Structure formats: C-alpha cells, structure tokens
Amino acid sequence: MSSMRTGDSKPVKGAKGSKCVLAQNSRILSRSLLAPSRSASQYSGEFMSPPGSSHESITPDAAYQALKTDTLTPNPVTVAANGDMNRCLTRSDSMGLQYNAEQTPWRNRLNRSQNILLHVCSSILILEFAERVSYYGINQGLKNYLGKLGWSQVGSNALKSTWTSICYLSPLFGGYLADEKWGRFQTLAIFGIWYTVGVFLISLSAYPPILQNYVLGGWLCHLGLFAGVAIGTGAIKANVITFGADQFDPDCQKESVQQQLYFTSFYTVINLGALFSYGYLSILCVQGSGAISPEYGYFATFLICGAVMAIAYLLFLYAYPRYVHIQPHTSAITELWSILRGNCAYSYEARMLYYGLWSFGAASFLNLVAAFLSDANYFGQYLSYSVVICCVFGSYVWIRYGMNAFYMDKSMASNGGKYDDETVEEIKQVVRVLPFSCFMIIWECVYDQLDANLQSITQQCDLRLNPRHPGDSDAPQVPGAMLGIFDPLTIIILIPLLDTVIYPWYTRVVGRSPSAYGKVLAGLIISTIAMFWSGIFEVLRRNSGEIKSLNPETGDFVPILDRGSLQPMNNMYWAYAVPNYVLVAIAECLINVTAYELFYREVPIYLKSTCQAINLFMVAMGSNLTSTLTLLFQSFFPQSLNDGNLEYMFYTLGALGVVNIGFYCLVMESMKFGMNPPDNGDEADAGVFGLDGSMFDTDFQNNNHGPGSGIHLQNATDIDINSFEWDAGSSLQASCRSGQNSRYSNRPLRWRSGSVEQESHASSKAQPGRTHHSLEIA
C-alpha cells in the first residue's frame, strides 16, 4: 500500500546549478498512490514551495480532501524539484485528480450503520467461521474415513493430499469469476451453495447403511469431496475476506479503524474454527458423543459441517441489503496471462516460463490420476515419477528465467512490441516473485504432512488416557487427528511472541530488524529439522514394540488397536509426538506470514491478489508433492507402519529441504530479494521526498554544490520515472530494491541520452552538452 510521508520529512540540501525533474506516470499514480485502503485523513504535513515561488503552499488535506478510490480520472502529475529542492506538490499539480463524491458505493449504501463490523460484517465472519469448521472438520477425519471406504494407508494419504491441492488451485478460478464476471457476492452465494451441497453428499456417504456399500459410498464421497467442497472452498477462500474489506469506506477514518479490527477478527474466527474441528469433531467422528454412537460418528460429524454452512449462508444471504457491491472489472489474472503468453512470440525465455506453467498444470492432473490409481498395483507409483519430472522442470524454468526478466522488454511498445511499457514493467515484477514461490514448494510439502503422514505415525503411538494397567484395552483414547490442534495453538501463542518479544530482541542485539529473507530461511531450516526428527521419531516409535492385551477367550496376547485407523498402537506415548506438530507450526509462523507479506509488497497494487494466487498455487504444488512422495514410497508404507520404513520418506524430504535451502540462499542473495537495506550514515542525512510503500520511497541527496553535485534515488520499487534533468558534470545514482526489507542492489540501469544508450551499475555522470537523460529501472 502507498502512503504519503510528508509529516516527518525535512528539506534536502540544495545545490546551485543542479536541477531535477521527476515525472510520474498517471497509471502508477492511480493504482498506488490512490490505493483503496488509504484515505486523505492518513496524510499529514505540508507540501512546500521554494522561497519566492509563485505557487501556493497547501496541506495534503486541502489537496486530497475530495480524493476517493473508486472513481478517478488521473492526469499525469509532475513533481518538480528546483533550486533547494523544497518544492513537492502544489494545488495546480493536484488539478488532474478528479472525483465525484456522490457516486461512491459506500455513500449509496441502503442501510447506513455506525458499526459496519457488527451490523454488516458479522454475517461474513460467521460465514468464514462456518466454512473453516466445515473444512477442518472434513480434513481432520478424511484420512481415516477414506480407509472405511476401502482405501489403503497409501491411497488414503495420497487422495487426501490431492484433495488439498485442488482446494488451493480452485481460488484461481474463484478469483477470476469474482473479479471479471460475477462480482464477489454472487460468486460467494453460488459456490457457497455448491460447497454446502458437496458437504451433504459426503455426510450422506457416511450414513451407515450406505457406507457398507463401498461403490455407492465412494461415489457420493468423491463427488462431494472433489467436485463440491474442493471447488467451493476455493471460490470462498478467494473472495470472502476481500468482500468483507469492501464494506468499509476507505475515506472514513472511523471505518478504517473498524477494518483493521475486521482483519484481526477474521484471523481469530479461522483459528476458532480449527480449534472446534480438531477438538470436538475429531472425537465425535471416531468415538461418538452422548446419544451418537461411534457407528454414526462420521455421519454426525459431516452433517454438523453441512448444517453450520447452511445456517451461515442463510444469514449471509439475509444481510444482502446491507452490503456494498463492487462491480467486476478486467481481471489482473487475465492481463497477466495475456502478456505472458504474448511474450512467447518475442523471446525464448518467456516461452520457457509459459512451458513451466503448463508443466505444473500437468503435474496436478497426473497426480490426480495417480492418486485414484494408487491401490491398482503399482501404476500410480510409476505415474508419480512423471509428476516429479514435471515439478522439477517447472521449478527450474521459473527460477532460471524469473530471476531476470529483461527479455520481456522486447514486447514493449517503445521497442516495437505490442504491449504498453508500463504494463510490461509491472508484469516483470510479478515474474520476479516466481523464484521465491518455487522455493516454497518443499515447505508446503512439509506442512501438508500434518494431516497426512504425521497423523499416520501418531495413530500408532499409545493414545490411551490413564490406562489402569499396561494391557488395558478399554481405556479412553485421544484421537490421532486431534494432535493437529497443536498447530493453531502454537500459531496463536507464537505470532504475538515473535512480534512483541523475539523480533524486538533481535533488533536490539543485531542493530537492525530481521529481514524477510532471514525469517524465511530460519523457517526452512526448522522445517527441514522437523522432517529429519520425524524420521528419527518413527524409528523410535516402531522399535518401542506393540502394546498387547490378553484375550480371555483364547488366552493369546493381541495388539491394542487405535480406534481411528484400526492399526496396532506401540509403547511410544502420544505426547512425545507433539514436537512433530510444534516444529512445523513454528516454521509456519516464520515462513507463511513473511511470504504473504512479500507477495503483497513486491508488486503494484492491482496485481497483489494475483501474487497471492501464485502463493496458493504453490501450496497446491506442495500438496501434490506430498501425494507423489507417498506413492513413490508405498513399498515402505504398509497398512501397519510397524511392518514398513516410513522414515525413508521423511529423510528424503529432509534431504530435499537441505538442497532447497542451498539454492534458496544462492538465488535470493543473487536477486537481493527480501533483504534489509544496509545502514549508511550519508543516506541517513538525506531528507525524505516522495511516496512510501509499494509505489516508491525516494531519498534525494544533494550534499555537494556546483557542477559535480549528486542526486541519489534510494529505495526505489515499482517506480515510473520518465526523466531527470541535471547540469553537465553532476551525477545521478540509483539504488533499487523490491519490497520493504530488501537490501540495495547494484542492478543494471539503462540510461538514455537522446538516441544513445548505455548500461551501468548504480551510477552515471552526465556528459558535457547532454543535460537531459531518461532513466529506467531495469
């Protein structure tokens, strides 16, 4: 997001004979400066004119009091720095920004309310809570339920991970429909009903008389699971949080405060839904509750999931008159796809990016087929090798050709191409996040172990509570799926601890705040350690021996079975499995929160949702990899883990994590991606001029006088600078970064002086007689 930083700025030292003209492009201005989440009330300070200037000094409130974000007619705004460079913006500069205050959807709201969060967004929060209860309620018991439908351990885990991958692919479709076709409300309404029908189909398949028929129960379950819930949850996931945020007027300070509380509440209800599902529903589906017998446990669990969705949607639809509805527009995903595909005609590198996308798509399709064929001899295992090849190829080309996107310049109109220069520059910033996203695949595979293979290990630990003697088979049991509750619990505790204690302590000790690069690296290291430890834990669990009880009828000792998976439990107490979950949750706090921030800050505002879609796409690829690894190691993954060597899969995933960390460091260091800027005393003396955030944050430094004086453009990201003017003999330097926490880099800059072009790193000096240069950040 962009905001004006004027209140804390100070005049920059001037230099005689040095003149700089900075021209901003209107397109960037309309998308970044006038971002929907910002309002005039957030701006402070005064725009100043130099002494003796005829321009009138004005305050931001006077210049921007009419600005809103939904109806703008921007004209190019020229910000000139002359003389002592104190002039920033005048009333005449603002005349190109026009707005009709009576046309805002917030002012046309049928039912005005002082408390939007309570009277409007409460139904949206209830919907999100119900969807998370339903999703996690299905997710926590799905592995064992598929076993009841006749699937093996391998098949159950592979199908469960494949279903998860589709749940994270479908937001691309849901986001496209909402942005370009139907609008958010209609998309949420249609696919919410679709989702709810899918849940009821799953609950119907769990009805005991139907469940006894594997064919009928299987068809109902898979139809509801893959065609219903997987598609529906994607449409909800892509739109519900944004639809709630749309309800708050960005120009009303009171509603802006409520909007921040809305985001906090949204995160809270997600975790409350997870706690309810992993707490109560995990017990209900296996052991029953009260009048509900264990035989009807899964039926009751899935029926509750469907019922809460039905009630939530009735409330959501009832509140229709209260909502603000933003009309659909051209989707950024469509524009991104069009330009990436169109660039294939101009360069080999762009074609490789395009082939990489298709390779990931092929991996998803092949994995879906392999998962359903997992129990058909070894055909699914053989097909999984092709999935690995597709994922490796897709990752390679996205990393290799995403590090530097100069080749896309060939498609610019200024170079004879057919695409607008500005649009190409913005798409290049999306391409630049692709390498980082590829390094997240291994992490997402680790994260997906929580409800799949780690659950398999946990269910063969000693899950009994307070057994009366070592062979007590009647003691109550903790459901293995219930240990998934330690993931949201760790997040709820750790994220505030990181923000208030650990990160500030690190800043005091090191002297600078932790970088995004460092946070993700720490998370990747912890996740890799988690996989190696999980492998060691599985060896210790298997070697601890099975728990047996005496059968009074035969006089033989028989294994005590877990009531969820019906597999023998060993003498490893269930509490010792908790670190497996906590380590992954710690890595999640370090990686996911930081990744969302990076995906948000690295690109222009209208492409931020697209970048989040890329993030979700990589979550899907991670789940695909989990399914693939499960199938590849199925010979070591029998029904009872006591007869196999599942640790081999964890060791392999840990080794992949080590390789992933090595390449992550090399590539991110090379790109200077997500790194903090260095401390520099000279830079600290410079005044601040310009805009802060995703648009640009510019420091002009002019610490010398006369010819040879310098201007320094610092912290530049997502900028559009048409021209600089300075006297012969003076110099201009530029340090570029992408994102708030990136380190300055000496990336190549293209300088133009008339028809003469030259490339340099970080600096260039004007030649005598050539006083006008245009600068493009490469």
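Helices here are DSSP runs of H or I with at least four residues, strands are runs of E with at least two, and both are numbered from the N terminus. Counted that way, the protein has 22 helices and 15 strands. Please keep in mind as you read that this is a predicted model. Below is a friendly tour, going from the whole chain to one helix and then to a handful of single residues.

**The protein as a whole**

- The protein has 778 residues, and 58% of them are buried.
- Among contacts with a separation of 6 or more, 76% join residues that are 24 or more positions apart.
- About 30,900 Å² of the protein is exposed, with 61% of that area supplied by carbon and sulfur atoms.

**Helix α9 and its partner α17**

- Helix α9 covers residues 253-287 and packs with helix α17, residues 486-510, at an angle of about 145 degrees, the two axes being 9 Å apart.
- On the α9 side, the contact is made by Tyr 267, Asn 271, Ala 274 and Leu 275. Helix α17 contributes Pro 488, Leu 489, Ile 491, Ile 492 and Ile 495.
- Sorted by class, this contact has eight nonpolar residues, one polar residue and no charged ones.
- With its 35 residues, α9 reaches 51 Å from first C-alpha to last, close to the 51 Å expected at 1.5 Å a residue.
- Along the way, α9 has a kink of about 35 degrees, and the kink is centred on Leu 281.
- Just after α9 comes Gly 288, with a positive phi near 75 degrees.

**Two residues with a positive phi**

- As background, most residues other than glycine have a negative phi.
- Leu 566 is not a glycine, yet its phi is positive, at about 60 degrees. You will find Leu 566 in the loop between β5 (557-559) and α19 (578-601).
- Leu 566 counts as exposed because its relative accessible area is 52%, and the cut-off for exposed is over 50%.
- Lys 672, also a residue other than glycine, has a positive phi near 55 degrees. Its place is the loop between α21 (647-671) and α22 (681-684).
- Lys 672 has a relative accessible area of 22%, so this residue is classed as partly exposed.

**Three buried residues and their surroundings**

- Thr 164 is part of helix α5, residues 153-182. Its relative accessibility is 5%, so Thr 164 counts as buried, the cut-off being under 20%.
- Leaving out residues up to four places away in sequence, Thr 164 touches Tyr 135, Asn 139, Asp 448 and Ser 623.
- Ser 549 sits in strand β4, residues 548-550, and counts as buried because its relative accessibility is 8%.
- Apart from neighbours within four places in sequence, Ser 549 is in contact with Gly 471, Ser 473, Asp 556, Phe 557, Val 558 and Ile 560.
- Ala 613 belongs to helix α20, residues 608-632. At 10% relative accessibility, Ala 613 counts as buried.
- Ala 613 and Phe 173 are 440 residues apart in sequence, while their C-alpha atoms are 9.8 Å apart in space.

How values were computed: Residues numbered from 1 in each chain as written. Predicted model: local features only at pLDDT ≥ 70, side-chain atom pairs only at ≥ 80, totals over all residues. Heavy atoms only, no water. Axes fitted to C-alpha atoms, helices over the stretch in contact; angles between N-to-C directions. Contact = heavy atoms within 4.5 Å. Nonpolar A, V, L, I, M, F, W, Y, C, P; charged D, E, K, R; others polar. Expected span 1.5 Å × (residues − 1). Bend = angle between axes of the 7 residues up to and from the residue. Buried < 20%, exposed > 50% of the residue type's maximum accessible area, 1.4 Å probe, protein only. Areas by Shrake-Rupley, 256 points an atom, 1.4 Å probe, with all protein chains shown as cover.
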